[in-house]
Amino acid sequence: MAAYLVKRLAFTIPVLFGITVVVFFVVALIPGDAVDAMMTQIKLSADQMAQLRRQLGLDDPLLVQLGRYLGDLFRGDFGRSVFGYHPVAGLILANLPATVQLTVAAMVIAMLLGIPLGALAAVRQNTGWDLLGMFIALVGISVPGFWLGLMLIQLFAVGLGWLPITGTGLRPLILPAFALGVAEAAILARLTRANMVEALREDFVRTARAKGLNQGRVVWRHAFRSTVIPVMTMLGMQFGTLLGGAVVIENVFARQGLGTLVTRAVINRDAPVVQGVVLVAAAMYVLINLLVDVLYGFLDPRIRYE
Amino acid sequence: MKLVRTLIVTLALGLCLFALSQPTSGGTMVFAGNQEPSSIDPLLMSGNVNEREVAAQMFETLVYMDQDQVVHPGLAVSWSSSDDKTEWTFDVRQGVSFHNGDPFSAQSVVAQLEFVRNDESLIGGAWGVLKPLLVSAEAVDEDTVVVTLKEPRPDLLTDLADPGLGITNIAHIERVGQDASFQPIGTGPFKFKEWISGSHITLERNPDWTWGSTVFDHSGPAYLDELVFRFIPEAQTRLATLETGETHFLDLLPFADIQRLYQDSRFTVTEFLLPGMPQMNYLNTRISPTNDLAVRQAINYATDKQAIIDTVYFGLVEPAYGPLSRAFPEYDPSLENMYPYDPDMAIQLLEEAGWVDSNGDGVREKDGEALSVVIVENKSWNDWVYVLQALLQDIGFDAEVLTTQGPSNTAAIASGQYAVPSMGDVFANVTQMTRDWHSDGYGTFPSSHFWDDPTLDELLEDAQTEIDIDVRTEKYVNIQNYIMENALMVPIFELFFYAAHANNLDGFVVDATGFYKYFAAAHFN
């Protein structure tokens with residue numbers, strides 16, 4: 001197990017290196033640089049622009065810039081934002097907890113809504129319940145998060161006045177977590193239904209029924225258990241989607257987080273911030289998937305790691 | 001006895017009314033901004049409007065300028081200038097201290113100006129405007145500063161009243177370096193409390209501030225306990241937070257919602273004509289077909305401003321006719337008749353110039369070249385471009401819209417590759433017309449008419465150093481006529497700035513540009 005973990009962790013290094021290089025070139029390839037971004041706010045002469053580019057090292061060849069960035073990164077220095085000179089590591093640390101909070105809350109909502117909905121549709125297969133459940137799931141997948149977010153604000157904050165839009169704590173978390181989690185809930189519902197439908201036809205379920213167990217025990221203790229592995233895999237994979245969705249939802253709800261941070265950085269071509277955030281997000285994604293793989297071993301005794 | 005009782009009752013009533021009319025202290029006001037600032041120290045700001053808004057509450061400027069363009073004392077209590085407007089003397093306020101307790105004196109102003117003049121890393125930003133102008137700053141005694149400029153600057157006070165030109169504590173900046181960007185120390189009514197990245201900035205009342213400018217009508221301390229600037233990028237969410245009471249003040253209102261807010265009794269909507277260059281399109285004279293005067297004039301005749309205003313802006317803005325907003329006394333109203341909406345005239349001009357649709361595809365050609373233009377849009381700022389596109393297509397243009405945003409817009413415009421870039425500029429000082437029109441700006445931003453004739457440069461240089469106000473007005477009238485006779489632009493509309501605030505909020509002051517608010521005397525009723 002330990003050898004497996006070390007091997008997997010070692011694999012993350014080239015992955016993160018690759019991502020850093022790709023992101024570096026993607027940012028460099030977008031038209032306009034940080035100095036152009038400053039020009040949207042203040043007028044500079046051609047000489048001033050050249051001087052600024054020199055100061056920021058933007059006039060060096062791309063490979064030199066990349067080398068410098070990687071060198072700093074190797075020493076644990078994420079650099080400073082081009083705008084306001086904020087240390088990038090500090091910005092990420094300040095914003096990371098809010099994003100983790102939002103994605104975890106969205107995952108919880110996705111599980112609480114999606115799994116029972118999928119199970120219900122499977123148990124009542126080909127009935128009105130099934131149709132209704134899968135219709136809700138279809139709507140959930142189809143509705144764009146930003147639109148749902150704005151509608152939730154209009155209904156629950158402006159209209160009914162039940163929940164705040166901004167702020168910290170649990171109450172302002174509910175609407176954005178719901179807006180972000182609904183699509184995931186829909187995906188989970190469909191996946192749970194598909195796997196449960198299959199599981200309910202398995203011999204071990206028939207055996208359980210034959211033993212006279214009640215419906216609840218059959219469904220949750222026996223049929224559902226066999227769907228946990230694909231659901232877990234999906235959750236791990238969906239973590240990246242949730243991080244991506246958080247970019248949109250954080251902006252809609254004006255929430256603190258890596259999403260709002262990276263959006264502004266992309267608009268400003270603030271390369272050190274974009275690179276730092278993407279690197280951290282990628283590292284989180286890789287680690288979550290590693291965690292999911294490790295959990296398989298605990299959930300399914302047939303899986304062993306060498 | 002009856003008289004005494006009446007007197008007592010009257011007195012009591014009077015006292016009650018007096019008490020009611022007195023602003024009450026306390027409370028937290030939340031301002032909804034569209035973007036998080038990068039820096040809130042005037043010397044390290046990039047110049048972003050949200051940065052200025054926050055800095056204006058913590059830093060004081062040497063002078064202030066109100067909406068009627070009247071100059072009020074700030075950290076300078078009086079001032080004078082030499083006849084040629086190159087030497088300015090300021091008497092600074094006594095008894096002022098910085099938020100960290102350091103005393104403020106003439107030496108603080110000198111340190112600031114010398115920092116601006118000498119620090120190589122200071123480029124752009126609010127203070128960057130003055131950098132090329134400064135020759136020296138000297139404290140002749142504890143309260144007097146003499147500033148010498150390279151050339152006459154009749155409007156120096158307008159520059160100094162920019163809310164971004166606050167006086168900082170240079171000793172602090174030298175101590176903490178670039179970190180001052182998020183650890184600001186000023187002399188103003190509010191001091192820095194916390195900055196939660198991605199969420200908000202909180203300022204708290206400076207209890208020592210008792211030297212408030214006459215522009216606030218309140219010498220201090222501020223009434224509000226705290227001032228919170230929340231960053232809300234999405235316009236609809238920003239508006240929703242005002243409606244739920246989570247924020248009290250917001251600007252940059254979406255045009256589609258303004259009428260509704262006017263009718264909502266919970267809020268007050270304010271409108272202000274922004275001085276500067278109206279919303280417009282430059283016509284790039286360096287490339288075809290806009291290098292042809294007839295084409296540029298035709299575009300002007302074909303532009304139905306009223307249609308744009310009615311369909312895109314719900315009738316909430318007004319047509320513009322030249323390069324200068326009518327908010328300036330130098331504005332020339334005679335331009336209003338130069339290019340009335342007249343599509344027939346536009347067609348006639350094009351035909352006479354040889355632009356005809358010979359192959360019947362709906363697009364005019366001349367010598368085998370199609371009448372094609374690209375209109376550059378800066379996303380969410382230039383929504384009129386689609387109407388302009390349709391209007392130009394109606395008279396035989398092949399008009400395409402290129403959508404850009406932020407830096408890609410700057411880069412596209414600076415490239416000089418596009419015929420019809422969209423633009424607009426806000427400034428309180430008429431001499432800043434230079435930066436929008438002088439050839440020094442070619443290849444940067446925003447100057448993108450690329451007019452290849454030194455006459456315009458000469459006119460601008462001559463006007464910006466003119467110290468006689470009447471002569472200066474005449475010179476700026478000439479410039480406006482020169483630009484419009486050569487059709488270097490299509491004026492579209494005068495930008496009105498709409499803001500809304502909770503009805504119980506009162507006492508805030510708006511600066512000369514109409515863009516920035518000072519909350520030194522703001523309070524809840």
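Here a biologist puts questions to a modeller about a predicted model.

Biologist: Which conventions apply to this model?
Modeller: Residues are numbered from 1 along each chain as its sequence is written, while chains are lettered from A and ligands numbered from 1 in the order in which they are written. Side-chain values use heavy atoms, leaving out hydrogens and water, and in this predicted model local features need pLDDT of at least 70, side-chain atom pairs count only at pLDDT 80 or more, and totals for chains, interfaces and linings use all residues.

Biologist: Happy to start inside! Which helix of chain B gives the most to the largest nonpolar core?
Modeller: A nonpolar core is a set of buried Ala, Val, Leu, Ile, Met, Phe, Trp, Tyr and Cys residues joined through side-chain atoms within 4.5 Å. The largest has 96 residues, and W437(B) is one of those that touch the most other members. Helices are DSSP runs (H or I, at least four residues), strands are too (E, at least two), and both are numbered from the N terminus. With six residues, the helix that gives the most to this core is α8 (residues 293-302) of chain B.

Biologist: And how many residues does the other core have?
Modeller: This core lies apart from the largest one. Its members include M45(B), A76(B), V110(B) and F229(B), and its size is 74 residues.

Biologist: How much area is buried between chain B and chain A?
Modeller: Contact means heavy atoms within 4.5 Å, and here it takes 48 residues from chain B and 47 residues from chain A. Buried area is the accessible area (1.4 Å probe) that two parts lose on being put together, summed over both. Carbon and sulfur atoms give 61% of a buried area of about 3,700 Å².

Biologist: Which residue of chain A meets D179(B) in a salt bridge?
Modeller: A salt bridge is a side-chain nitrogen of Lys or Arg within 4 Å of a carboxyl oxygen of Asp or Glu. Between chain B and chain A the count is two. In one of them, at 2.9 Å from N to O, the partner of D179(B) is R80(A).

Biologist: Is D257(B) buried or exposed?
Modeller: D257(B) forms a salt bridge with R260(B), the closest N and O atoms being 3.2 Å apart. Both residues lie in helix α7 (residues 255-263) of chain B, three residues apart, about one turn of the helix. Buried means under 20% relative accessible area, exposed over 50%, and partly exposed in between (1.4 Å probe, protein chains only). R260(B) is partly exposed at 38%, whereas D257(B), at 10%, is buried.

Biologist: What is the relative accessible area of D425(B)?
Modeller: D425(B) meets R435(B) in a salt bridge (3.1 Å, N to O). The pair links strand β19 (residues 420-426) with helix α13 (residues 433-437) of chain B. R435(B) is partly exposed at 25%, but D425(B) is buried, because its relative accessible area is 6%.

Biologist: One more, please: why does H248(B) count as buried?
Modeller: H248(B) sits in the loop between α6 and β11 (249-250) of chain B. Beyond four places in sequence, H248(B) touches several residues, including T28(B), L242(B), H501(B) and F524(B). H248(B) counts as buried because its relative accessible area is 15%.
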